[in-house]
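Biologist: Could you walk me through this structure one question at a time? I'd like to see how you get to each answer.

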Amino acid sequence: MKLKSVTESFAKAIHGLNVGHLTDRVIQRSKRMILDTLGVGLLGTSTDVFHKASEYSKIYGSNASSAVWGRPDVRLPPTYAAFVNGVAIHSMDFDDTWHPATHPSGAVLPVLMALSEALPPSPKFSGLDLLLAFNVGIEVQGRLMHFSQEASDIPKRFHPPSVVGTLGSAAAASKILGLSVPKCQEALAIAVSHAGAPMANAATPTKPLHVGNAAKHGIEAVLLAMMGLQGNKQILDIPTGFGAFYANYSPKVLPNLDSYAWLLDEQDVAFKRFPAHLATHWVADAAASVRKHLVTDRALLPTEHIERIILRVPDVPYVNRPFPDSEHEARHSFQYVACATLLDGGIIVPSFHKCQIDRTQVRELLGKVKLEHPQDNLPSFDTLYCEISVTLKDGVTFTEHSDTFYGHWRKPLSQKDLQEKFRANASRMLSYDTAERLMQTVEHLEDLEDCYSLTALLKGPSPREMVSKSI
């Protein structure tokens, strides 16, 4: 039977996909995404924007409640638990990145964790149930982004997680709550009216709200659909529906479920080694290579010996910040990441503390940086490159090039390095033993009978344990 619309085909896929459709590669890749997302989310609970979002959310209450990661003394309604955990995930721009460009996991995983706690204890929500709903949420985002060439580029007008992430959240929530095909269709329509956030708020503390809101609004869309609210049943088919977000929008009916192929099977994600915009990772890679030419007797050449620094990068205006003045601006600055790498040899979490940004040597080097935008260096995470040239006062120039950094999908992080990243991030809020148990639980997620054990580990130490740990 031929489907009537693209929107209907999405609803049928959300409702009809089952654990038998999951492939080994999709399971393994999504477990890596889940582990990384939990780690950056736990680290993000130390940020100022997380604390503001958490305090704001405490004014809301309901009979159902869910945990805030790493905060055993805080419980919120599921929509707001998903919101603050989503904010935490993106608070440092440390979460995974996909192609076409978006942060896929942050809008989906907090939804599933929050709802799994709020569901009745029977039937149990298993690890396979989690993996299926997670991948449904990821898949919906990927399919939507493939409907426009614009989505393949680094965004210019709006932040993709606020758009496709909202629908991915609604899809995942629809799956875990068992919505019918018509209700899934309504949830997607409602979610589109919740979607969107402008790129103008990039490099500000408001940007993490885009991911938190996507998680929250997806749940709200599903709950409203369950209550009977209706929207346009052709929302994904028409230019004035979801097509309003993308130029050259050309939607297509999804493949038949009998021969369904997941996008995650074809396209892996990138995992970041430091918390900053993905495009800056090419810059750090190239700058680290140039630095080797500038180090003599284990000491960096004095910065006053440097005449100029040229960065050949794509034209991405919101990552072109010559003199960043905050951690959020520095995370979105080609120039800062290049200078900090030249000075320090690498970028780590504390590299974005204000005291590091304001160093005299950093400010001096920033004044010597110029950007160039070669015509062949297009703003796409799949094809961009960085070339850096450092010219000394004596006229000698050193040039290095990076077209793929370690952590990109073409050069993925090893499982060992991904686990080390998780340990470093999770240890900020969890004990060593709890972090290890959490990591092992995710590693064997497909065998987990009840996700309650996973959510229990995410709560972190009790207030009494936190006090005793600090003594």
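**Cavities, strands and loops**

Modeller: Sure, and let's start inside: the second largest cavity holds about 50 Å³ of space. Keep in mind that this is a predicted model.

Biologist: Which residues line the second largest cavity?

Modeller: By class, the lining splits into three nonpolar, five polar and three charged residues. By name, the residues that line this cavity are His90, Ser91, Met92, Asp93, Ala203, Thr204, Lys207, Pro208, His328, Arg331 and His332.

Biologist: Asp93 is on that list. Where does aspartate 93 lie, and is it buried or exposed?

Modeller: Its backbone stands out a bit, as phi is positive, about 55°, although the residue is not a glycine. Aspartate 93 sits in the loop between H4 and H5. Buried means under 20% relative accessible area. Aspartate 93 has 3%, so it is buried.

Biologist: And alanine 203, what is its phi?

Modeller: First, the setting: alanine 203 is in the loop between helix H8 (181-192) and helix H9 (207-226). Its relative accessible area is 5%, so alanine 203 counts as buried. Here too is a residue other than glycine with a positive phi, near 65°.

Biologist: Back to the hollow spaces. How many cavities of 30 Å³ or more are there, and how much space lies in the largest?

Modeller: The search covered the whole structure and turned up four of them. As for the largest cavity, the space in it is about 100 Å³.

Biologist: Which residues lie nearest the centre of that largest cavity?

Modeller: Its lining has seven nonpolar, five polar and three charged residues by class. That lining is made of 15 residues, and those nearest the centre are His103, His159, His277, Tyr318 and Phe381.

Biologist: Let's turn to the loop between helix H4 and helix H5. Which residues does a cis peptide bond join?

Modeller: Look for proline 100, which lies in the loop between helix H4 (78-90) and helix H5 (109-118). With an omega of about -5°, the cis bond joins histidine 99 and proline 100.

Biologist: On to a helix, then. How many residues of H6 are buried?

Modeller: Helix H6 covers residues 127-145, which makes 19 residues. From its first C-alpha to its last it reaches 27 Å, close to the 27 Å expected at 1.5 Å a residue. The rest of the structure largely encloses H6, because the number of its 19 residues that are buried is 17.

Biologist: Now the strands. Which strand pairs with S5 in the antiparallel sense, and which one runs parallel?

Modeller: The antiparallel partner joins S5 over six bridges and is strand S7 (residues 386-392). In that pairing, leucine 311 stands opposite isoleucine 388 in S7. On the parallel side, arginine 312 has glutamate 372 in S6 as its bridge partner. Four bridges make up the parallel link, and the strand is S6 (residues 369-372).

Biologist: Is isoleucine 306 buried or exposed?

Modeller: Isoleucine 306 belongs to strand S5. That strand is mostly covered, with five of its seven residues buried. Isoleucine 306 has a relative accessible area of 4%, so it is buried.

Biologist: How far apart in space are isoleucine 306 and serine 289?

Modeller: Along the sequence they are 17 residues apart. From C-alpha to C-alpha in space, the distance is 16 Å.

Biologist: What about histidine 15 and asparagine 248, how far apart are they in space?

Modeller: Histidine 15 is in helix H1 (residues 6-16). With 40% relative accessibility, histidine 15 counts as partly exposed. In sequence, histidine 15 and asparagine 248 are 233 residues apart, while C-alpha to C-alpha in space they are 28 Å apart.

Biologist: Last topic: how many disulfides are there?

Modeller: A disulfide is a covalent bond between the sulfur atoms of two cysteines. The rule used here asks for two cysteine sulfur atoms within 2.5 Å. By this rule, the count is zero.

Biologist: Which cysteine sulfur is nearest to that of cysteine 184, and which to that of cysteine 355?

Modeller: Cysteine 184 is in no disulfide, and its nearest cysteine sulfur, 20 Å away, is that of cysteine 451. Cysteine 184 is buried, at 1% relative accessibility, whereas cysteine 355 is exposed, at 53%. Cysteine 355 is in no disulfide either, and the nearest cysteine sulfur, 17 Å away, is that of cysteine 339.

Methods. Residues are numbered from 1 along each chain as its sequence is written. This is a predicted model: local features need pLDDT of at least 70, side-chain atom pairs count only at pLDDT 80 or more; totals for chains, interfaces and linings use all residues. Side-chain values use heavy atoms; hydrogens and water are left out. Helices (H or I, at least four residues) and strands (E, at least two) are DSSP runs, numbered from the N terminus. The expected span of a helix is 1.5 Å times one less than its number of residues. Buried means under 20% relative accessible area, exposed over 50%, partly exposed in between (1.4 Å probe, protein chains only). On a 1 Å grid over the protein atoms alone, a cavity is a set of points where a 1.4 Å probe fits but cannot get out, and a pocket is an open set with protein on both sides within 12 Å along at least five of seven lines; lining residues have an atom within 4 Å of a point. Grid points are joined across faces, edges and corners, and a volume is the space filled by probe spheres set on the points. Ala, Val, Leu, Ile, Met, Phe, Trp, Tyr, Cys and Pro count as nonpolar, Asp, Glu, Lys and Arg as charged, and the others, Gly among them, as polar. Two strands pair if DSSP finds at least two bridges between them.
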